[in-house]
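Hi,

Here is the structure I promised to pass on, with my notes underneath. Have a look at it first, then read on.

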Amino acid sequence: MFSIARKSALRQARTQLRLSQATPISQHSALARLLSTLAVLEQKDGKLNTSSLAAVTAGTKLGGSVTAFVAGSGVKSVADQTAKAQGIEKIIYVENGAYDRGLPENFAPLLVENIKKGGFTHVFAGHSAFGKNLMPRVAALLDTQQISDITAIESEDTFVRPIYAGNAILTVQSSDAIKILTVRGTAFPPPELEGGSAAVEEGVDPKAECQTEWVSEDLAKSDRPDLGSAERVVSGGRGLKSKEEFDRIMPPLADALGAAIGASRAAVDSGFADNSLQVGQTGKNVAPQLYLCAGISGAIQHLAGMKDSKVIAAINKDPEAPIFQVADVGLVGDLFDKVPELTEKLKVL
Ligand SMILES: Cc1cc2nc3c(=O)[nH]c(=O)nc-3n(C[C@H](O)[C@H](O)[C@H](O)COP(=O)(O)OP(=O)(O)OC[C@H]3O[C@@H](n4cnc5c(N)ncnc54)[C@H](O)[C@@H]3O)c2cc1C
């Protein structure tokens, strides 16, 4: 193995991004008293999706009061459980099974009613499928411009977001009275789910008509950690050559590390791995403690989804592969030899 000594611009950028996240922005400002955030939470089958708590972290980073919002059936218990999360002043819940699937057609009017009632200055939701579906409609109903996928907050009206697959960083200033934002989960780690004591309150339910009917979903099931929030991720690319080889090489490595499995788009498009495992610009954003990839070249669209990982390790037979420019640790070699060897060594640890 060799260490990549020369830090690339991308690596410097991700270090700077982490540093810029360190200080709450309006802690020192009298404005903080006027700010009030509504953080939209996600739940499924009466269980909180903890990664949606990134919206709470964004609210606490902004300063001012933070109210969380959750809707669906059985959400009173979700609200009670979430009341222990740090940084939340109040949780508004709406018990109604019509909101279980997060359909924007009825969820957006529900949220708008509660935003208007609470007089919030900022509304944050995760940049997840749910948030991406819901928030543009909320913004349209409130006649404001949505700001998507923010990675930092500079002030109460100025936000930072990556564009061009993370190759440029845009600073956006908004003059809208209510700011509607989605947040990149990897940039706003969820708060501790203990120590808090938020008030729990029932919200208003406009019971808006919904023309859309949720029919069914077909989800890939796995006992492995969730890709979006796993501490460790092992990812395979086109270098794996086939689905058979992907399934032979990657799962044992993932098991040895207790890791989630990810894949490049080329691997997904070639049918080696399920679509839900794609990491990158058009896949999932991950920022685990360890991102270990094999047979992935490091195209910018892939880097866009994993370059905030704390430690990046790469195995590739091409020493010039761009992945080595962002890797903390690299191994030049044939993955069909190196990955099984590494897996065996990890098993005896
Ligand atoms: C709009 C748009 C969005 C996109 N979104 C995404 C996205 O979300 N995620 C994503 O991943 N891509 C995305 N892409 C595609 C991206 O540009 C690349 O094509 C893709 O990431 C390449 O995947 P790869 O690295 O697996 O394959 P390749 O680029 O083909 O690289 C394969 C690598 O494997 C190495 N290799 C081969 N055999 C071995 C071996 N035996 N041992 C070790 N190494 C070996 C090679 O040296 C090579 O570096 C997007 C592209 C576009 C245009």
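A nitrogen atom of the ligand lies 3.1 Å from a polar backbone atom of lysine 317. Two side chains also make polar contacts with ligand oxygen atoms (a polar contact being a pair of N or O atoms within 3.5 Å): an N or O atom of asparagine 316 is 2.7 Å away, and one of glutamine 278 is 2.9 Å away. Taken alone the ligand exposes 980 Å², and the protein buries 77% of that (Shrake-Rupley areas with a 1.4 Å probe).

Please bear in mind that this is a predicted model, where local features need pLDDT of at least 70 and side-chain atom pairs pLDDT 80 or more, while totals for chains, interfaces and linings use all residues. Residues are numbered from 1 along each chain as its sequence is written, and side-chain values use heavy atoms, without hydrogens and water.

Which residues come nearest to the ligand? Of the 26 around it (a heavy atom within 4 Å), they are Ser264, Thr282, Ser297, Gln301 and Asn316. The shell divides into 14 polar residues, six charged and six nonpolar. Helices H7 (265-269), H8 (300-303) and H10 (335-347) each supply at least two of the shell residues (helices are DSSP runs of H or I, at least four residues).

On another topic, leucine 62 is found in helix H2 (residues 54-62). Leucine 62 is buried, with a relative accessible area of 0% (buried means under 20%, with a 1.4 Å probe and protein chains only). Its C-alpha atom is separated by 47 Å from that of glutamate 344, 282 residues apart along the chain.

Best wishes

Technical notes:
A polar contact is a pair of N or O atoms within 3.5 Å; within protein, one must be able to donate a hydrogen and the other to accept it, and residues adjacent in sequence count only if both atoms are side-chain atoms. Ala, Val, Leu, Ile, Met, Phe, Trp, Tyr, Cys and Pro count as nonpolar, Asp, Glu, Lys and Arg as charged, and the others, Gly among them, as polar. Buried means under 20% relative accessible area, exposed over 50%, partly exposed in between (1.4 Å probe, protein chains only).
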